[in-house]
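Biologist: I've got a new model open and I'd like to get to know it. Can we go through it together?

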Amino acid sequence: MFPTGSRISRCMLCVGLTIYSLIAVVVSSNIVATVSRTIDKNGFHRNLRTEISIPRESIHFKPSTGDIACAVLLEETLPSGAFVDPYQLESLRAFGGPDVLCLHDVDTEKPEFLSQPLTIFIFSHLHLHEGHWTSNVTIPIHMRYQRPFQRQDYVTVTFLNPALFLRCPDTADTGEYDNIEIVFACDSMNQAVCTWFRIDYTSTKGNLDVQVPVGRLEHLPFVIGATIIITLLGCIMLIYMVIYHLPSQKKSKDS
């Protein structure tokens, strides 16, 4: 058992992924998967949807152990312009939401230019649907505030495609694996480790681009002026209420 969030746990669980990154160039897989990704909603709060499909004949069971015999793991690296809220994900998981593991602390207040890319791990079971093993995962993502620009209304934040891993129990036979084998957490609880195999896939799209609005430097004088005026008006209103309104209310109660 590894204590959740401890430094020892994080180091041990990252060993497998480190090995994978070193030998990835010489590994191939005999399992053909398709991944489709979209980003829904507008503004700073979006949904990242990932649909995974693997042909039924790619995974042979002996005998079949049911609908949830295999699971997939997505290693998702979010750009510095986006983040996930671990507390939000934990709340959603309690009601059947996505199973997401984040090994690093997330500062939800930092702007993009003070942030680093964030790696998260998404766990999901495969379900048999129309001759394919499929999985659909949706996670809420949030865009960070960008540095203001001169005469530019939007910047582009790019989401790269994730790495995909597969895990099946001993009762399943996935053929002769030529791909990477790693040892990593079994789920987001981070209390046990399992063997995962990296599989290649075909993406229906390239990387996903999101347009994020930014502040314009030429608006700075107007924003500062408006802020000062509104603040002064609020102070004047507060002073008026204290001097004139509150004493009159006290007199009426005394009478």
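Modeller: Sure, and let's start with a term: a nonpolar patch here is built from residues with over 30% relative accessible area and no salt bridge, whose nonpolar side chains are joined within 5 Å. Keep in mind that this is a predicted model.

Biologist: Okay, so how much accessible area does the nonpolar patch on the surface have together?

Modeller: The patch runs through M237, L238, I239, Y240, M241, V242, I243 and Y244. One of its members, Y240, has its place in helix α3, which covers residues 220-254. Taken together, the patch residues have about 840 Å².

Biologist: Does Y240 count as buried, partly exposed or exposed, and why?

Modeller: Buried would mean under 20% relative accessible area, and exposed would mean over 50%. Y240 comes out at 46% relative accessibility, so the label is partly exposed.

Biologist: Now the strands: which ones sit at the edges of the open sheet?

Modeller: The chain has three helices and 16 strands. Six strands make the open sheet, antiparallel in pairing, in the order β6-β7-β4-β11-β14-β13. An edge strand pairs on one side only, and that fits β6 (99-102) and β13 (181-185).

Biologist: And which residue in β14 does F165 stand opposite?

Modeller: Strand β11 (residues 163-167) pairs with strand β14 (residues 193-198) in the antiparallel sense, over two bridges. Across from F165, in β14, you'll find R198.

Biologist: Last one: what share of the 255 residues is buried?

Modeller: For the outside, the chain's accessible surface comes to about 15200 Å², with 58% belonging to carbon and sulfur atoms. As for the buried residues, their share of the chain is 36%.

Technical notes
Residues are numbered from 1 along each chain as its sequence is written. This is a predicted model: local features need pLDDT of at least 70, side-chain atom pairs count only at pLDDT 80 or more; totals for chains, interfaces and linings use all residues. Side-chain values use heavy atoms; hydrogens and water are left out. Helices (H or I, at least four residues) and strands (E, at least two) are DSSP runs, numbered from the N terminus. Buried means under 20% relative accessible area, exposed over 50%, partly exposed in between (1.4 Å probe, protein chains only). Accessible areas come from the Shrake-Rupley method with a 1.4 Å probe; for residues, only the protein chains shown count as cover. Patches are made of residues with over 30% relative accessible area and no salt bridge: like charges are joined within 9 Å, nonpolar side chains (Val, Leu, Ile, Met, Phe, Trp, Tyr) within 5 Å. A salt bridge is a side-chain nitrogen of Lys or Arg within 4 Å of a carboxyl oxygen of Asp or Glu. Two strands pair if DSSP finds at least two bridges between them.
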